[in-house]
Amino acid sequence: AREAIPVLLSVHWPTLAQSILKQIQGSREIKQIPKKMSKESKESKGDMGYTVELWVYDLSHGMARAMSPQLLGKQIDGVWHTGVVVYGYEYFFGGGIQATTPGSTQAGRPLRVVKLGVTHITQDVFHDFLRNVSNKYTQQTYNLLNNNCNNFSNAVSNFLLDKDIPEYILNLPQEALNTPLGQSFAPMLASMQNQMAQNVVPWGSSTLALPPINKNPPMGYSEDKEEKSSTVKNDNKEQEAKDKKKDMKSETKKHSNGKHSHEEMKLKAIKPISKPMTYPDQNAAKFLGLLQSFNKKMKASKPDMALKEDELKTLTGLKGTISKKEVVIPKAVSEGIDKLLLHWPSKFLFPVVGVYEALLLRPAQCEIFIGRMEKSLPKLFSLLPSESNSKVNTKPYVQGKVLGMFCHMFTNPKLGAVILEKEEFLEVLISALESKETLVRVPAARLLVNVCITISKSEEENECVFRLANFLPYIIGEESRAQFCSMLLKALGHLIYKNEMACESVNVMDFSASDSITKFMKSKMISSLRDLAEDIDGMLAA
């Protein structure tokens, strides 16, 4: 199966395959190119200079973020292609050094624009530099691993500003190439390299296509000296994610009245104020009876892990009242359920999680769980498969109940926000959404809706925004069941509502919700699906 993956990718996802390989370069073995210019040409001309920006494109259109953990065992946020925009042109390496109108390359629209700084080097001096290094950047010297467009952008940035481009673009996992799966991609490199260089050449030749001197280039003011000379380095992933969000959130879609454009829309299916999806707890009493039965089995095999008689009596005494939310749950009951969750084997946890799911519909119980979650959450995560924990023996019906338990946690905004900060959570959610088991996928979809409702209400978005905005269009396009697609579209609608970064990420993928539901034209749900699709496409276009 491992050997078949490259063939599969080359047929179905050629852009993703070549892009992921291109991104796993890891090393930055770029020789320092001499800057052949006089000191006079680098003298400061005051605070005003030529603005320099790095335009960043994700060639995989979100697929790398969604699929790289499965294919490479590592999370890759995007397959980066970059161009440097300066003097009114976008300079990039594609079969040779080229330049064109910003944003008009085959890479499409940039995912983000990073402001690198202001240079005082004139365009003619810069062109002299490019001529001097043109023999290094040709179709023959192009290499996906160590001489690509990002290496070229870095060389240009160093020449103009004496600084590197962001490290998340240059410093990528070299160790992935040393794995058997990474090595299996090698045969595809030769054919892929030729495809990477197909770009329009508006000026000159394919080896060196330089534009005419711009008499009115964009100008800008320099930052303070300390910031100008700093290197764009960031090893902290959390800070790096915030930088990406800041770059993308350069403009806010607000009208003069201060309202967001989405608030002005007459949405049919996406309700701005929505309650999280929950499960009715009328079966809670039955779960208590099943728990009592399982406790007898545990008492016979492992007495120290079973509930004591007084604990069991208190718990089973709630059969008539556990479904009534106004009834206060004794502290001993919560402690007893926690004990069972942590120590019972997964095959006995179905009624335990079922009871806990019902308890979490009470705000007070959510607050109690927050105080114990450092122990409870790892156990819950261990019951669900993920990229880092694929060998899970938990039965599908138990997994479904655990996901239902997570659904109820999002009825408490504080608890939901804490869960979203856990890296393991998004891993298990995405794996559950990709499951073939209906008992797992349905509660996972309901949980996804709750997650997106919570994110849309947050003032400061979570990293989940980026991953879900890239993952959802992909899985919606693959979905074959109308009911499940409806929940996915509902989740996407809540995710993008008043969320600029989510809208930008989805738009980069050229996603159309209306196109994604054409396969359900004969379904009884087509009317509701059409309302969801119109809401989503309208918000993306606003």
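What share of the contacts in the chain with a separation of 6 or more comes from residues 24 or more positions apart? The figure is 78%. Keep that in mind as you click around this predicted model, as several stops below pair up residues from distant parts of the sequence.

**The whole chain**

Start with everything selected and a cartoon view. You should find 24 helices and six strands. There are 542 residues here, and 53% of them count as buried. Switch on a surface and you are looking at about 25300 Å² of exposed area, with carbon and sulfur atoms supplying 51% of it.

**Strand β1 and Gly49**

Now select residues 48-58, which form strand β1, and pick out Gly49 within it. Gly49 has a relative accessible area of 2%, so it counts as buried. Add Val118 to the selection: 69 residues separate it from Gly49 in sequence, yet their C-alpha atoms are 5.5 Å apart. Once neighbours within four places in sequence are set aside, Gly49 is in contact with Val118, Thr119 and His120, and also with Pro218, Met219 and Gly220.

**Gly62, a loop stop**

Move along to Gly62, in the loop between β1 and α3 (63-72). Is Gly62 buried or exposed? It counts as buried, because its relative accessibility is 0%. Show Arg467 as well: it lies 405 residues from Gly62 along the chain, with 8.0 Å between the two C-alpha atoms. Leaving out residues up to four places away in sequence, Gly62 touches Asn470 and Met509. Leave Asn470 highlighted, as you will meet it again at the next stop.

**Helices α20 and α22**

Select residues 464-478 for helix α20 and residues 500-508 for helix α22. Two packed helices are described by the angle between their axes and the distance between the axes. For this pair the angle is about 35° and the axes are 9 Å apart. The crossing of α20 past α22 is right-handed. To see the contact itself, show side chains for Val465, Phe466, Ala469, Asn470 and Pro473 on α20, then Met501, Ala502, Ser505 and Val506 on α22. Colour them by type and you get seven nonpolar residues, two polar ones and no charged ones.

**Two unusual phi angles**

Next come two backbone details. Most residues other than glycine have a negative phi, and most peptide bonds are trans. Zoom in on Tyr87, which is not a glycine but has a positive phi of about 60°. You will find Tyr87 in the loop between β2 (80-86) and β3 (89-93). With a relative accessible area of 1%, Tyr87 is buried.

Then jump to Asp162, another residue that is not a glycine and has a positive phi of about 60°. Asp162 sits in the loop between α5 (149-161) and α6 (167-170). Asp162 counts as partly exposed, because its relative accessibility is 43%.

**Helix α4 and its cover**

Select residues 123-133 to bring up helix α4, then highlight its buried residues: Gln123, Val125, Phe126, His127, Phe129, Leu130 and Val133. Now display what lies over them. The cover includes strands β2, β3 and β4 (97-100), together with helix α5.

**Met405 in helix α16**

Select residues 396-409, helix α16, and centre on Met405. Met405 is buried, with a relative accessible area of 0%. Which residues does Met405 touch, not counting those up to four places away in sequence? They are Leu341, Val353, Tyr356, Glu357, Leu360, Phe369 and Leu380. Try the distance tool on Val353: it is 52 residues from Met405 along the chain, and their C-alpha atoms are separated by 7.0 Å.

**Asn450 and the cysteines**

Helix α19 spans residues 438-457, and Asn450 is found there. Asn450 is buried, at 0% relative accessible area. Apart from residues up to four places away in sequence, Asn450 touches Pro276, Met277, Cys407 and Phe410.

Finish by selecting cysteines. How many disulfides does a search of the whole structure find? The search finds zero. Two cysteines to look at are Cys452, buried with a relative accessible area of 0%, and Cys485, which also counts as buried at 0% relative accessibility.

Key. Residues are numbered from 1 along each chain as its sequence is written. This is a predicted model: local features need pLDDT of at least 70, side-chain atom pairs count only at pLDDT 80 or more; totals for chains, interfaces and linings use all residues. Side-chain values use heavy atoms; hydrogens and water are left out. Axes are lines fitted to C-alpha atoms, for helices over the stretch in contact, and angles run from 0 to 180 degrees between N-to-C directions. Helices (H or I, at least four residues) and strands (E, at least two) are DSSP runs, numbered from the N terminus. A crossing is left-handed if the near helix is turned anticlockwise from the far one by less than a right angle, and right-handed if clockwise. Contact means heavy atoms within 4.5 Å. Ala, Val, Leu, Ile, Met, Phe, Trp, Tyr, Cys and Pro count as nonpolar, Asp, Glu, Lys and Arg as charged, and the others, Gly among them, as polar. Buried means under 20% relative accessible area, exposed over 50%, partly exposed in between (1.4 Å probe, protein chains only). Accessible areas come from the Shrake-Rupley method with a 1.4 Å probe; for residues, only the protein chains shown count as cover. A disulfide is a pair of cysteine sulfur atoms within 2.5 Å.
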